[in-house]
Amino acid sequence: MAHRKKNRNVGIVGIGQTQYSSHREDVSQPEMIQEAVRLALKDAGISIREVDCVVHGNMELFEMIYQPDLWHVLGTGGYGKDGYRITTGGTTGSTLVAAADNLAASGMYDVVMAIGFEKLQEGHTTGGITNMADALWAKNLQTGALTGYTAARMIKEFGEDRAKRAAMTHRIIMDKHACLNSNSHRAFGLDFDQIESLMENSPKLVGELRLIHMCSQSDGACALILAEEKKAKEISRKPVWIRDHITVHREESFNLFGLEPVEMTHRFAARELFARNGIRDPLEYFDVFEMYDPSAWWGLEWLRDFFLLEGDEHLKLVENRETMIGGKIPINPSGGVVSANPIGATAMVRVAEAALQVRGDAGRHQVPKPVKHALASGFGGTMWTVLFLLEKELTGWGE
Amino acid sequence: MPRRVAICAVAQIKNEPDIWYKRFQGMVFDCVEQILKQTGVTFDLKKGIRNVVTCSDDVFDARTISDNAMTDVVGAHYRGEEKMAQDGINGLGYAMACLLSGHDEVVLLAGHCKESQSESRRMCTNLAFDPFYCRPLGMDFTNVNALQARAYMAKSGIREEHLARIVVRSRKNGARNPYARENKMVTEAEVMKSPMLADPVREMHHYPVTDWAVAFLLSNEERAREFTDKPVWISGFGNCMDTYFLGDKDLDSNFSLKKAAEKAYRMAGIKDPRRDINLFELNDAVAYQLPMWAEGIGLCEEGKGGRWIDAGWMEKHSVNLSGGMLNGNPVMIGGLARAAEAVTQLRGEAGSRQADGIRKALAHGTTGAAGQHHAVVILEK
């Protein structure tokens, strides 16, 4: 794939996240955003005056605000600055980071702040998602991330007991991680001895997709400050370098190619990104992976795509609990999307949390080994993928 | 480091009051097909389009994640596709960043808006205001623009006669543009008798409901000649956000436009826009905005908009020869339409409205009410 080295290196120098919660009646949307912005500026140790450009995004129909960046300028600090509003779907948060990376690497700006947010309490999320469907052809079909298809397919491939057990194991690992992250929206304190009981008793949503498997609707905001190499080194003692990113969308019509299944965008993105960066064995290369996992079933299944695995290798990773914080390849030390999902921010939180791990600043959910190479993914739309490679060092890539 | 990017092609459909016979997907597809034909660009994953910037709006399309409906028609099959959720002219700035960063070599930009689909444009733009203080007052882009119109007219000596002249001229110019919306020719007296929409803005002072789609192909400098013999270069881009509450800003100050223009001029090495730029396309959704934005970009002296019109500077500086947004382009791509027109002029393909000796052009777009956010693009032959 056509890809050259970026014209300028870009590093993450500031990270800010609000508390994620089902309801933030105490703040308005701009006030909530301002919390994340203030934390990101504090983390970077700079003032808003040093930010050249603000990139903002979310899903408009979730809160029913048209062009919300116009109002939110009260909280973003974007007054008098260059400003862009760039969105996709659930991928928006990662699209914003990709955009900020492009803007800083282009030479048009030196310091760019990306802001993702959602205040789902103020809207109707499933109503909003259903409204995504084609008004003529698909209104009666679209359910957003609420699908039982993945569970059915995995049960068919791996047998009912093994598949259900592995999905619930992944879910409990996520909850254990979430309990270590003070920003989590949902942290229940689940344990592995509850697997059978949850497999049977958690209310069913669609087929074997149960309430406990599913992500939440959260309020929250995330802000990241990116800077080109020279500025990044001035601002931060440990910038986290964005080595590369790839965006892979696909059609909205799932059956455009008849009944022939098309390749999963996650696998396509991973293969392309690793190939052009000379990463041959992703499972060995990466020290941590922050994945956009809208449900435990998807989180489990997608491991196979992202790490280009075959057969039941991904199931074994989870069954052997190698995806826990102390394991071979820690997945979502933050607790992942099933523990907090402010949609427009969610994918940015994956990059933010991966960057915290690279810096060694993740606190109680820090992976207890040196983290040099991190992977972060965004998911949204009709199976869209954004994938990031983050690096601790600026040299030695792909050698 | 490269400092400019190429616009290799522009394709558009005709602006119409109600494209009832075609879905917006079809409108965009027609443009994309023209781009493929004009340039021979492919969707080859190594050498072709692998990143697309779309421009559309959730509220006007009544679709959450409105770009989801675009992925099929812009060919985003295993490719990047990102939505510019402001006036599409900012998509040119973002595409420029994608190319200058080295991340992409070729970018497709496609925008659409079908205003005829909404029951009321004012109901849509009312949603831009916060739900607590401003929305319940019924504020929308039309009546907030009217507040700005009143302030600006007082400051710059703009009278009803000036506005009427702008409207009549816009429709005359539009009639020379085959892609423009077809409007009834009117006299200045008719404009001055047009019903009041939001005082002092009359119905004819306001751009009409319009459906339209447009697409651009952009590339980095190295690859431009593969797609065209007549590349138009983007040499400068700047945009800027003003604050939100009307009480927090001077409505007639052009704060964010001045900053956006300043940045674009600096990038493009423009010292004096009046001398260095030969053609201007300004995003005049409402008649008063044409002289006001002309002041903002430094084309007209501050506070002298009325005299500037009287002295015939709209013609001398080749301002809005396309008819402008006032003749009819939809919201979200009213600024992008300005860039499309400027590119057409620079390529010498503007037919009966072609201006002579055009080397550099300025295209401007604005997002939000009363020019809260502005973007300025400098284009060169």
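The exercises below, each with a worked solution, concern the contact between chain A and chain B in a predicted model.

**Exercise 1.** Determine how many residues each chain gives to the contact, and what area is buried between chain A and chain B.

*Solution.* Begin with the residue lists: chain A contributes 71 residues and chain B contributes 75 residues. Then turn to the area, which comes to about 6,100 Å² buried between the two chains, with carbon and sulfur atoms giving 56% of it.

**Exercise 2.** Find the salt bridges and polar contacts across the interface, and describe the side of chain A that takes part.

*Solution.* The search for salt bridges between chain A and chain B returns four. One of them joins the side chains of D82(A) and K263(B), with an N to O distance of 2.1 Å, which qualifies because the cut-off is 4 Å. Polar contacts between the chains number 35 residue pairs, both residues being at pLDDT 80 or more. On the side of chain A that touches chain B, the elements that each supply at least two residues include helix 4 (92–105), strand 8 (240–248) and helix 10 (265–276). Sorted by class, that side holds 33 nonpolar, 23 polar and 15 charged residues.

**Exercise 3.** Establish in which sense strand 3 of chain A pairs with strand 3 of chain B, and name the bridge partner of I86(A).

*Solution.* The two strands, of which that of chain B spans residues 80–84, run antiparallel and are joined over two bridges. For I86(A), the bridge partner in strand 3 of chain B is M84(B).

**Exercise 4.** Decide whether helix 10 of chain B is mostly covered or open, and inspect what follows the helix.

*Solution.* Helix 10 of chain B (residues 289–296) is mostly covered, since eight of its eight residues are buried, that is, under 20% relative accessible area. Among them are W293(B) and E295(B). After the helix comes G298(B), with a positive phi near 85°.

Note on methods. Residues are numbered from 1 along each chain as its sequence is written. Chains are lettered from A and ligands numbered from 1 in the order in which they are written. This is a predicted model: local features need pLDDT of at least 70, side-chain atom pairs count only at pLDDT 80 or more; totals for chains, interfaces and linings use all residues. Side-chain values use heavy atoms; hydrogens and water are left out. Contact means heavy atoms within 4.5 Å. Buried area is the accessible area (1.4 Å probe) that two parts lose on being put together, summed over both. A polar contact is a pair of N or O atoms within 3.5 Å; within protein, one must be able to donate a hydrogen and the other to accept it, and residues adjacent in sequence count only if both atoms are side-chain atoms. Helices (H or I, at least four residues) and strands (E, at least two) are DSSP runs, numbered from the N terminus. Ala, Val, Leu, Ile, Met, Phe, Trp, Tyr, Cys and Pro count as nonpolar, Asp, Glu, Lys and Arg as charged, and the others, Gly among them, as polar. Two strands pair if DSSP finds at least two bridges between them. Buried means under 20% relative accessible area, exposed over 50%, partly exposed in between (1.4 Å probe, protein chains only).
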